[in-house]
Amino acid sequence: MTRFTKLFFFAALGLLVFAACEGPLANAMLTVDTTRCVGCGECEDVCPYDAIEVIDGDAVIDPGLCHQCNRCVEVCPEGAIY
Amino acid sequence: MKYFTLLLLVAVTAFAVNFEGFAQMHVVSDSINYGEGLQNWGQGGFRVDGSNWNVLLNASRVKSGEGAVVPRFYRNHLEAHLESRITFGGFTINPEIQVNKDLDSAGVVLPLSLGEGYRNAALRPGLSLGYTLPGVFEVNGTGRYWKKDVVALDSDVEDTEWTEVCYGGDVLWHTPIGGYLAVGGVSHQTKLDAYDYDQSWSRVDISAGYVPLRFPSRTFLTAEAEYSLYTGEDYTGLALPNRFTARLRAVQNVARNVMFNITFSQAADFYEDETRFGPFQSAIRTQYKFEGWGNVPSSIVIGGQLTESAITTRLGELEGRISIVSGLSALVTGKLWYGPSSVAGTGGYRTREIIGGGLEFRMNNGMNTFVIYEREASNLAPNDVWGKIRGGVGFYPAQF
């Protein structure tokens with residue numbers, strides 16, 4: 001590892017530890033892992049709020065419409081929404 | 001002479017292009033209720049490729065059942081997506097249009113508890129523009145417009161037009177030391193004219209990624225950090241928090257045919273008065289590739305994932321394709337899943353234990369057919385164990 005790699009790695013680790021020490025576990029928005037999403041559209045079909053569109057092969061969640069009912073999380077065959 | 005030149009141009013164009021058609025069909029049924037559980041899905045289209053352009057038409061029809069115990073959904077709609085891409089120099093122009101026609105009610109819930117409704121049709125034109133200087137920088141811009149015809153069920157206002165406008169772009173610079181710096185943004189507006197509903201949010205992303213140039217052979221590592229500044233409100237009228245996300249991804253090819261892929265990400269949300277955890281994700285996947293006994297590439301994938309946000313999900317999975325004889329492969333699938341559920345009686349979470357096996361046959365002429373049986377156990381009562389059968393056929397025959 002170069003010195004820069006080590007520095008970056010430990011800086012990122014420090015930031016994560018800092019984030020882990022702050023506040024309760026809560027989240028305002030669901031997230032799509034685009035490396036796992038295959039764009040099958042099952043989440044789009046099951047969303048009763050019309051908050052998800054598959055664009056360029058990835059699911060995109062509109063935070064203005066999402067009510068966090070988690071139906072998309074349940075049906076996603078790839079476990080890409082969390 | 002003019003007509004001759006035109007004919008020559010048409011002939012050259014005809015020989016220069018490559019036309020490829022495709023079609024596939026997929027049917028699913030389960031042992032709980034064969035009629036209600038039946039889903040069928042058909043898709044077809046074509047792709048025309050020129051030297052520096054292509055056009056892709058993809059049309060599909062989905063019909064799926066609905067059940068009270070197993071969370072299935074009812075949908076019967078047609079969808080057509082016409083997409084084209086033109087490239088010259090480093091420039092890319094990508095116009096597209098997507099049309100949806102709902103053949104039966106597609107239930108939706110209107111924003112801000114305005115009531116329930118259903119969608120009749122939707123139209124989504126879009127345009128993307130980009131410029132890439134390989135290895136140096138990339139500039140991309142995208143604009144999209146959605147128009148959804150929605151009928152409200154329990155309101156004085158019956159018909160309303162649900163429109164959304166989204167546009168954004170980003171600039172990415174590949175740094176000489178490996179990695180990238182990027183700045184991007186997106187703006188989104190949702191309107192329901194009949195309700196005077198007009199909501200907007202926008203986001204600016206600043207991100208950096210580092211890919212070490214010197215690492216042991218067959219090792220690939222990416223570290224990314226992103227800060228997103230949000231403006232606007234979510235559906236409850238609350239401000240959207242800014243978010244910092246850190247990601248690490250490592251890929252290690254232990255041998256030529258064995259690969260480990262590990263990802264890890266943690267986000268922090270910055271509200272006005274406090275900082276909270278954002279989503280956390282950790283996943284590992286390993287893939288073993290081998291030749292098998294036939295001519296189809298074989299592989300076994302074993303993976304696991306843990307996520308934490310306002311919800312928790314855990315996933316363990318196994319997928320395998322093992323070539324038996326020429327064209328014929330055995331399929332193996334297994335999944336352990338724990339996650340949130342909207343099904344009554346589950347206490348908000350449910351488990352799924354799925355194991356299955358099947359066969360796939362690929363012919364040299366482009367036909368591909370498969371059938372797979374899955375046994376699923378869950379904490380849902382009374383149907384805690386049931387079977388599901390999936391099958392499909394696809395053709396990729398037409399090439400000129």
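Chain B contains 1 helix and 20 strands in this predicted model of a complex, to which the predictor assigns an ipTM of 0.80 and a pTM of 0.80. For chain B the mean pLDDT is 84, with 87% of the residues reaching 70 or more. Of the 400 residues of this chain, 38% are classed as buried, and its exposed surface amounts to about 21,200 Å², of which carbon and sulfur atoms supply 61%. When contacts in chain B between residues at least 6 apart in sequence are considered, 46% of them join residues at least 24 apart.

Two positions in the strands of chain B were examined individually. R203(B) belongs to strand β10, which spans residues 197-210, and its relative accessibility of 24% is neither under 20% nor over 50%, so that R203(B) counts as partly exposed. Apart from neighbours within four places in sequence, R203(B) makes contact with G184(B), G185(B) and V186(B), and also with S228(B), L229(B) and Y230(B). One of these partners, G184(B), is 19 residues away from R203(B) along the chain, and the two C-alpha atoms are separated by 8.4 Å.

G316(B) is located in strand β16, comprising residues 312-325 of chain B, and is likewise partly exposed, with a relative accessible area of 24%. When residues up to four places away in sequence are not counted, G316(B) touches G303(B) and G304(B) as well as G334(B), K335(B) and L336(B). Between G316(B) and Y338(B), which are 22 residues apart in sequence, the C-alpha to C-alpha distance is 9.3 Å.

Chain A is built from 3 helices and 2 strands, and these elements follow one another from the N terminus in the order α-α-β-β-α. Buried residues account for 56% of the 82 residues in this chain, while its accessible surface comes to about 3,700 Å², with 63% belonging to carbon and sulfur atoms. Of the contacts in chain A with a separation of 6 or more, 52% are made by residues 24 or more positions apart.

Backbone geometry in the loops of chain A includes two positions of note. Most residues other than glycine have a negative phi. D50(A), by contrast, has a positive phi, near 60 degrees, and is placed in the loop that connects α2 (42-46) with β1 (52-55). The relative accessible area of D50(A) is 4%, which is under 20%, and D50(A) is therefore classed as buried. A positive phi is also found at N70(A), where the value is near 70 degrees; this residue lies in the loop between β2 (58-61) and α3 (71-75) of chain A. N70(A) is buried as well, with a relative accessible area of 11%.

Internal space was surveyed over the whole structure, and the search finds 8 cavities of 30 Å³ or more. The largest cavity holds about 90 Å³ of space and is lined by 13 residues, among which C37(A), C40(A), C43(A), C76(A) and P77(A) lie nearest its centre. By residue class, the lining of the largest cavity comprises 9 nonpolar, 2 polar and 2 charged residues.

Note on methods. Residues are numbered from 1 along each chain as its sequence is written. Chains are lettered from A and ligands numbered from 1 in the order in which they are written. This is a predicted model: local features need pLDDT of at least 70, side-chain atom pairs count only at pLDDT 80 or more; totals for chains, interfaces and linings use all residues. Side-chain values use heavy atoms; hydrogens and water are left out. pLDDT is the predictor's confidence in each residue, from 0 to 100. On a 1 Å grid over the protein atoms alone, a cavity is a set of points where a 1.4 Å probe fits but cannot get out, and a pocket is an open set with protein on both sides within 12 Å along at least five of seven lines; lining residues have an atom within 4 Å of a point. Grid points are joined across faces, edges and corners, and a volume is the space filled by probe spheres set on the points. Ala, Val, Leu, Ile, Met, Phe, Trp, Tyr, Cys and Pro count as nonpolar, Asp, Glu, Lys and Arg as charged, and the others, Gly among them, as polar. Helices (H or I, at least four residues) and strands (E, at least two) are DSSP runs, numbered from the N terminus. Buried means under 20% relative accessible area, exposed over 50%, partly exposed in between (1.4 Å probe, protein chains only). Contact means heavy atoms within 4.5 Å. Accessible areas come from the Shrake-Rupley method with a 1.4 Å probe; for residues, only the protein chains shown count as cover.
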